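Notebook open, viewer loaded. I wanted a few things looked up here, so I am jotting them down as I go.

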Protein chains: 2
Amino acid sequence: MIKKSTLKNIISEDLAEIWTVLTPEEKHLVADNFVIHNFKKNQIIYAENDEPEYLWCLLKGKVKMFKDGIGGRQQILRLYRPIQYFGYRAYFANEPYVSSTLALEPSTLGAISMKLVTEIIEQNRKLAWFFIHELSKHLGGSDTKMVNLTQKHIRGRLAEALTILIDNYGFEDDGETLKIYMAREDLANLSNMTTSNAIRTLSTFVSEKIITVDGRRIKIVNEPALRKISKFG
Amino acid sequence: MIKKSTLKNIISEDLAEIWTVLTPEEKHLVADNFVIHNFKKNQIIYAENDEPEYLWCLLKGKVKMFKDGIGGRQQILRLYRPIQYFGYRAYFANEPYVSSTLALEPSTLGAISMKLVTEIIEQNRKLAWFFIHELSKHLGGSDTKMVNLTQKHIRGRLAEALTILIDNYGFEDDGETLKIYMAREDLANLSNMTTSNAIRTLSTFVSEKIITVDGRRIKIVNEPALRKISKFG
DNA sequence: ATTTTTGTGTGTTGAATAGCATTGTTTTAA
DNA sequence: TTAAAACAATGCTATTCAACACACAAAAAT
């Protein structure tokens, strides 16, 4: 638990949608029940089948939400950046988690009990709308991703994954280096392919001058071409 | 538009979750703005990219929600039975539809303007919770289905599709004939495979005495075996 | 009744991609 | 600093499944 003043410093008001819809009293209530957690790189935040208890708010770092499938193969469902919220879906659905979350880099998160969130929703329509909107967006995204993963070929799937990384995390100051440094295995898990094929396909993108690669540092050289492959490949 | 008394006959109160959470005044309001539509077999209810306007309530018949992908290939996202609701997600997400819906058999639906639904949510917390719960369930289902479709092999995917049909529509009075009669092509679209492979795989299930097939009439002879294949295949 | 269309069943072929093995390289840890 | 572990790159092989072709049956249209 942290003091309210500290919390206000951490949460920039214009970014934290939830924060802005709360009344002063509710802000107090949340601030007093907002527990900061620090996670190391690769540390699990919660695991599939766990009982949901908290609304997680990512303040700093990067988080992946994933599902373990057949033969240890993993599918990355969504990626989170500050300030975004997760962990609430299973609680609302009244079921255990169907996916796990993990910190991709050292991350700072706030935990708010879902019991409290529920109580606030009971008295604050705007918070209800926040979650209705959020869930609706994610459901559309999930349905779309399903078709992308099942129907596109490898090139299209990897290109799509790269555009997701662009849209989620953007570029470094040079305007072309991806601001996330993922293992090839995670790129593969995002695109539903084996690590070998992620590496291979990255190489062909390099040879086609669409990207350059230096270790985990990926530069997007020809973004229109990438989006074209993502759309039609 | 139909009279309130008629509507009450159509909607059995214990089945229609939305109906039960409304106040008498709201029920009036909905009843007066509830427009009955009849759809023929294979008729589109709404199409991808349309602007969402109505909450659709399936009163009689069967509806599939699907997305057209590469090369005319179709992915069935969800199946609906009476009394279930759909068409609201895109409106809540404030975007055009990302999927289409179609009546699989002659169906009766009610349309309620989303504007009205929004107004009622503004004054009725329970209706907000209904949609939060509904969206949360569907999002979990979509995430799970994504991994099933991408990671399971053909047998597992078709077995899973059949269990979905069992869970959604159940059996005829004999307790083993599926209460839905789908084209092989739709079975394929549900399971992310070609029609040929759906036919082939159905045949192997028959030869393994897991099901019997007579045209579109499918009997589930060994449900435990089917669920086992769905889980581990 | 006959033709056309649509749906079903089956075999063959080839392309896409997973699996595996090997080697080199980078990162982490002792 | 060296050893160990994890990661990246690449070639080869095996498998899965889509594409296509064709035959036949059933349903719909004429």
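These entries cover the chain copies, the DNA contact surface and one helix, all in a predicted model.

**Entry 1: the two chains.** I superposed chain B on chain A and got an RMSD of 0.0 Å, with a turn of 180 degrees and a shift of 0.0 Å along the axis. That is how a two-fold axis relates copies. Next I checked the interface: 100% of chain B's interface residues are interface residues in chain A too, so the copies meet through the same surface.

**Entry 2: around DNA strand D.** I found 16 residues around the strand, and the nearest are A:Ala183, A:Arg184, B:His153, B:Ile154 and B:Met193. Which helix gives the most to this surface? It is α9(A), with four residues. At least two residues each come from α8 (184-191) and α9 (195-207) of chain A and from α9 (195-207) of chain B. Sorting the surface by class, I noted seven polar, five nonpolar and four charged residues.

**Entry 3: helix α7 of chain B.** I tested its length. With 16 residues (154-169) at 1.5 Å a residue, the helix should span 22 Å, and its end C-alpha atoms are 22 Å apart, so the two agree. Then I listed its buried residues: B:Gly156, B:Arg157, B:Leu158, B:Ala159, B:Glu160, B:Ala161, B:Leu162 and B:Leu165. What do the buried residues of α7(B) pack against? I get α6 (125-151), α8 (184-191), α9, β10 (217-220) and α10 (223-232), all of chain B. Right after α7(B) comes B:Gly170, with a positive phi near 70 degrees.

Note on methods. Residues are numbered from 1 along each chain as its sequence is written. Chains are lettered from A and ligands numbered from 1 in the order in which they are written. This is a predicted model: local features need pLDDT of at least 70, side-chain atom pairs count only at pLDDT 80 or more; totals for chains, interfaces and linings use all residues. A residue is near a molecule or strand if its C-beta atom, placed from the backbone, lies within 6 Å of it. Ala, Val, Leu, Ile, Met, Phe, Trp, Tyr, Cys and Pro count as nonpolar, Asp, Glu, Lys and Arg as charged, and the others, Gly among them, as polar. The expected span of a helix is 1.5 Å times one less than its number of residues. A residue is buried if 20 or more other C-beta atoms lie within 10 Å of its own, exposed if 12 or fewer, and partly exposed in between; C-beta atoms are placed from the backbone. Two residues are in contact if their C-beta atoms, placed from the backbone, lie within 7 Å. Copies are superposed by least squares on the C-alpha atoms of residues with pLDDT of at least 70 in both.
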